[in-house]
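Trainee: Could you take a close look at one part of this model for me, the smaller-scale picture of a single chain and what it touches? I'd like the cut-offs spelled out as you go.

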Amino acid sequence: MNETRAVKWIGQSVERLEDPPLVTGRGRFAGDINFPNQLHMRIVRSNHAHGRILSIDTDAARKLPGVVAVWTSADIPEVPPIDFREGPIEKLAPYRQPVLATGMVRYVGDPVAAVFAEDAYVAEDAADLVTMEIQELPPLLSAKDAPAEFSPGRHTEADILRQGYGDIDAAFQKAHTIVELQLSVGRHSGVPLETRGAIGRYDAARDMLQLHGAAKVPHRNQELIARMLKRKLTSVNVFESHVGGGFGIRGELYPEDILVCVAAMRLGRPVKWIEDRREHLIAANHSRNQHHKVRAAVAADGEILAIDDLIFHDQGAYVRTHATRVAMMTCGVLPGPYRVPLAYRAVCHFRLTNKTPAATYRAPGRFETSFVRERLVDAIAHKLKLDPIEVRKRNAVTVAEMPFKRPLEALGEEIHFDSGDYHKLLDRMLKEVEWEKLNADLARRRANGEMVGVGFAMFVEKAGLGPKDGVNILVDSTGAIEVVTGGASLGQGFETVMAQVAAEMLGVDYQRVSVIHGQTDRISHGIGAHASRATVMTASATRVAALNLREKALAAAAELLQAPVSALDIVNGEVVRTDRAGGPSISLGQVAAAHGKLEAEGWHHAEHQVYPYGNHLAVVKVDPGTGGVTVERYVIAYDIGRAINPTLVKGQIAGGCAQGLGGALLEEFTYNDNGDPLSVTFADYLLPTVREVPDIEIILTEDAPSPLNPLGIKGAGESGINGVGAAIASAIDNAIGIPGAVTQLPVTPQRLKAIIDAKR
Amino acid sequence: MGERAAEGLVTGFVMTEKLAFTLNVNGRDFPVRVEPRRTLADTIREECKLTGTHLGCEHGVCGACTIIIDGEAVRSCLMFAVQAAGKRIRTVEGLANGNELHPLQRAFIAHHGLQCGFCTPGFLMLAVNTLEQQPDIGDEELLDVLASNLCRCTGYGNIVKAVKAARDEMRAGK
């Protein structure tokens, strides 16, 4: 009756462990968390983009029955501005965001006061009664404009970032042709369906501060909160519950997180804050928003000899937890899959403006630079009358050159492409889409008067940021397995993937495995979930921990069964003899019970990030009357190294692609000349619906497993969005028959109609 | 909770007298006492303690709060609780029959129609109502219906597959 072969879980598209509570309404998102006697917080935000605070009147609000307290910055002088995640950075420290605006307001949405009340509706009533006198100052609304004063003696250009190699001037002198473009990527962001939420709770008896509603980087936030509030690390715990999408923006430490913590301690009651959608659109991190003046030195055959990029990065009003990370990443990853042998220079002006502060959004620095780089390649091909695909092939790093080192950095590491066969994947995609036929069909349709076209983009992703992660695994006496990680789940299927890896290594059903994440009281370390690192790092550590546990279980069972370890295997949770059928067996639960404790730890160390890669292809149809774009077809080819759960990988890719289509065609945070945000509802900030997103076709390959981890895993989270802006721009050019027409994202109907009309 | 506070409001621009009425949710009566201004979504979540109905925008665009009232899919963030008194309300918590999931819930799991799961209750209620009212709905019309809710994780493809699969299963089961 014992099965004799262990089941392979890795590579199987099993159903998710996460789903049953989520489809039955039993999830617990931040808004669903309640504690007895809790207060509700409401933030009073600046309605002015830039100004000096002359006075704030909270009297009427305080008098409203049900209001317990109203705070301005004067009430919390001991609370420092929000710190950088990676530690103090002296140069940028003056640009950090105070928890409540101090002296100045710098964007519409800047938190000025916090109201605490018995009821969320009353808190909102009271917030309306807070008035402020602001001496308005002219707002600075573009990073392209000259920097202005931020504070006496300090201007709004907080930093200038540089990366590069080689002699730029010499390279450009050697060029057969120089191609120069000016390109802009609009301001948009992750905009998860669940707004942010935070619940602070203080247990005075144990001097324990808790923050519920955490996400993304629970352990880093635990550390940051402890540092900011001058508490011991062990007297702060953060707890992740269900998370309604992250995409980079959720889970950073924001003013509201600190406020609920301070209030819970000072007011002696739990404090709950749930963001509303308008707040989310003006207060949570924005992203992208860059302007590039880029030029390439090109040889006659289309080889890109050198790239020189001058970047203006619109950081918004403050420098938040990421510091200059997105801008620095932008400088490092722009060359993408192309060799660029002679020289490269990126200079990024990191400038503050009077808009919502910016930070990471899915594929930070890559969505932007793929757009810039691929626009450049299309322009080179057009200028030299070469086939754009051929230009890409000529420039792409070949499999023979792997691993490929480039003297540029991403997230503080030198870029080393670990493995990849870019040409093979490109050929595979062209074959699958029947490239020649596709182009012939589109040409025929164009000849019949339709504005249809195809666009293409190549990219390299990066994933699996180290340096290390560790996981604990234990088996209880019922045979249930618990994998305790310091990871985080933002909806991507983290639990299922970790369970699959643990189950295969251990020899149990994946449904017997529960996976803990985002609970700082369960494990003292953890990397969370960002930079597409969860599967690479945490799954690799899970593998080691499960193998260690397996070894312990087999050793213990060998004693109990009086058999050599070499004759034992674990099959479906039972330790069985492999040398004779029908022999004695013992369940893992029984082993654990007999042994007292069955537990193991495992670590994975990574010297370098891994570099998955792919191609995007879009077919679009343009309505010349309205400038509207219909995406008829979208194909993504991606080499994942190894997929633990192919269905979940494809889910990540399709979801990212839909977000990319939003950023390429619809989504934009716009402002009027006074700095008033104009995208404050879902009627102004347009997320794609099912009508705007075609069924994404995904070609998932495993040609280049990473040599940097035993499972060969690369990351999946950001590949779907990376090349969308680039491919859509190229497809629109092709459709309207104007090479290089698209220079700005998103390509809204108004912008595209203006381009089409200008040609007529 | 909040009763004392709310009754004390004297600002004049809000109705602060609480009203007592009964909400019938998933076949069960919930006597509630709330201000007229309290939304149906907030009341279902906070008074009836059914938190499966989610609030994504509170202005009627995203559809995460979609529930079924007397055979119609509605945005519960755009209704006051008092407007639903005496009506038959259905939320995601009422879909499964004990431990037996509704075909649509099963289809969402089987087709990976959810990631973070925040929009899922709204999509489920929208789709359930549609399939009950129009069991023979065609693919194109189905897309029009599903375009009324937002999802930020899946890219929609798997949601569409799940709903079509449930439609076909429910139709075959008739």
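Mentor: Sure, let's start with chain B, which splits into domain 1 (3-94) and domain 2 (103-172); those bounds come from an automatic or database domain assignment. Before going on, the ground rules: this is a predicted model, where local features need pLDDT of at least 70, side-chain atom pairs count only at pLDDT 80 or more, and totals for chains, interfaces and linings use all residues. Residues are numbered from 1 along each chain as its sequence is written, chains are lettered from A and ligands numbered from 1 in the order in which they are written, and side-chain values use heavy atoms, with hydrogens and water left out.

Back to the two domains. The C-alpha centres of domain 1 and domain 2 of chain B are 25 Å apart. In terms of contact (heavy atoms within 4.5 Å), 18 residues of domain 1 of chain B meet 15 residues of domain 2 of chain B. Together the two domains of chain B bury about 1300 Å², with 58% of that on carbon and sulfur atoms. Buried area here is the accessible area (1.4 Å probe) that two parts lose on being put together, summed over both.

What about charges across that domain interface? The rule finds 1 salt bridge between domain 1 and domain 2 of chain B, a salt bridge being a side-chain nitrogen of Lys or Arg within 4 Å of a carboxyl oxygen of Asp or Glu. In chain B you can also look at E132(B) and R90(B), which form a salt bridge with their closest N and O atoms 2.9 Å apart. Polar contacts add to the picture: 7 residue pairs, both at pLDDT 80 or more, are in polar contact across the interface of domain 1 and domain 2 of chain B. That term covers a pair of N or O atoms within 3.5 Å; within protein, one must be able to donate a hydrogen and the other to accept it, and residues adjacent in sequence count only if both atoms are side-chain atoms. On the domain 1 side of chain B that touches domain 2, β3 (66-69) and β4 (72-75) each supply at least two residues. Helices (H or I, at least four residues) and strands (E, at least two) are DSSP runs, numbered from the N terminus. That side of domain 1 of chain B divides into 8 nonpolar, 7 polar and 3 charged residues. For the classes, Ala, Val, Leu, Ile, Met, Phe, Trp, Tyr, Cys and Pro count as nonpolar, Asp, Glu, Lys and Arg as charged, and the others, Gly among them, as polar.

Now for what chain B does with its partner. Here 54 residues of chain B are in contact with 58 residues of chain A. The area buried between chain B and chain A is about 4500 Å², and carbon and sulfur atoms give 60% of it. Between these chains the count is 7 salt bridges, and E667(A) and R152(B) meet in a salt bridge at 2.7 Å, N to O. There are also 19 residue pairs in polar contact between chain B and chain A, both residues at pLDDT 80 or more. As for who supplies the surface, the elements of chain B giving two or more residues to the side that touches chain A are α1 (3-7), α2 (40-46), α3 (103-110), α4 (120-133), α5 (139-146) and α6 (157-172). The residues on that side of chain B divide into 26 nonpolar, 17 polar and 11 charged.

To put those salt bridges in context, a search of the whole structure finds 68 over all chains. One in chain A joins E374(A) and R392(A) at 2.6 Å, N to O. E374(A) lies in helix α9 (residues 366-383) of chain A and R392(A) in helix α10 (residues 388-395) of chain A, so the pair ties together parts that are 18 residues apart in sequence. Both E374(A) and R392(A) are buried, where buried means under 20% relative accessible area, exposed over 50%, and partly exposed in between (1.4 Å probe, protein chains only). Another chain A pair is E632(A) and R445(A), with the closest N and O atoms 2.8 Å apart.
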